[in-house]
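Me: Could you take a close look at the pockets of this model for me? I'd like to know what lines them, and then what the rest of the fold around them is like.

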Amino acid sequence: MSSHHVVREKQEPALLVLGLGNFPDELLGQLLEWSPTVIATPQTAEELVVKGIKVDWIITDGTDDILQSDIKLMSCGDDNLTDAALKYLTSYEYSAVNVITDELELKNYEHFADKINLVIFNNHKKIFAVTPGFSKWKPAGELIELLGPAGKLEFTGLEKIDGVHYKTTKDGFFNLRFKEPFLFIAEDL
């Protein structure tokens, strides 16, 4: 007897592709596994279509040609591409989004960190926002990078390497406590 998984719309993270750079095809395939809503820029949409990947939305300033008739256009209006896409996703109550980008401007994501579960893939790193009291299991020797100020930072299971880099001390959970409502951290892919 086979098992069937029912995937409801918006249950899986949407995929926002702002730049593919050196992004590994294998990881792209994993992010596309459950057929998420795919939002791309005109340039990344072309790259995805060439790879045989269906694009649902193109974020545009209105001057681009449509690649396929079934792709919808999303005007960015006065917003940048990132803001326009994240406003769309939060207004339609998506709970999560995976973002692939070549250029990381964390300030573009800060306003959305408490509205949608963000995972940003940039420069061979996985970046996400955590709240005070965050804990995660990792094997010994894994690197964690804090991407922003963390007032009154307390941690367990980590060893400080330098101002922003930490290493897990043993297999097990590491914990972060800090003053801010959230903090972006990065892990190597």
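Reply:
**The largest pocket and its surroundings**

The largest pocket holds about 210 Å³ of space (the volume filled by probe spheres set on grid points, which are joined across faces, edges and corners). A pocket is an open set of points on a 1 Å grid where a 1.4 Å probe fits, with protein on both sides within 12 Å along at least five of seven lines, and lining residues have an atom within 4 Å of a point. Keep in mind that this is a predicted model: local features need pLDDT of at least 70 and side-chain atom pairs count only at pLDDT 80 or more, while totals for chains, interfaces and linings use all residues. Numbering runs from 1 along each chain as its sequence is written, and side-chain values use heavy atoms, without hydrogens or water.

So who lines the largest pocket? You'll find L18, T41, N80, L81 and T82 there, along with T101, D102, E103, E105, N108 and Y109. Helix 3 (81-91) and helix 4 (107-110) each put at least two residues into that lining. Helices are DSSP runs of H or I with at least four residues, strands are E runs of at least two, and both are numbered from the N terminus.

The second largest pocket comes in at about 160 Å³. Its lining has 14 residues, and N22, F23, N122, N123 and H124 sit closest to the centre.

Now for the packing. The largest nonpolar core has 31 residues, and L28, L48, L176 and I185 touch the most other members. A core is a set of buried Ala, Val, Leu, Ile, Met, Phe, Trp, Tyr and Cys residues joined through side-chain atoms within 4.5 Å; buried is under 20% relative accessible area, exposed over 50%, with partly exposed in between (1.4 Å probe, protein chains only). Helix 1 (residues 25-31) is the biggest giver to this core, with three residues. Another core, apart from that one, has 26 residues, including A14, W57, I59 and Y109. You've met Y109 already, in the lining of the largest pocket.

L48 takes us to helix 2 (residues 42-50), where T44, A45 and L48 are buried. These three span an arc of only 105 degrees around the axis, so they end up on the same side of helix 2 (the arc is taken over directions from the helix axis to the C-beta atoms). Strand 1 (14-17), helix 1, strand 2 (38-40) and strand 3 (57-60) are among what covers them. Turned away from that buried side are the exposed residues Q43 and V50. After helix 2 comes G52, with a positive phi near 85 degrees.

Back in the largest core, L176 has contacts (heavy atoms within 4.5 Å) beyond four places in sequence that include V130, F134, L146, F155 and I185. I185 also touches E145, whose other contacts outside that sequence window are K125, V164, H165, F184 and A186. E145 belongs to strand 9 (residues 143-146) and is buried, at 15% relative accessible area.

Two loop residues are worth a glance too. S35, in the loop between helix 1 and strand 2, has a positive phi of about 55 degrees despite not being a glycine, and S35 is exposed at 59%. K152, between strand 9 and strand 10 (154-156), also has a positive phi of about 55 degrees and is not a glycine; K152 is exposed at 69%.

Zooming out, the chain has four helices and 14 strands, and 42% of its 189 residues are buried.
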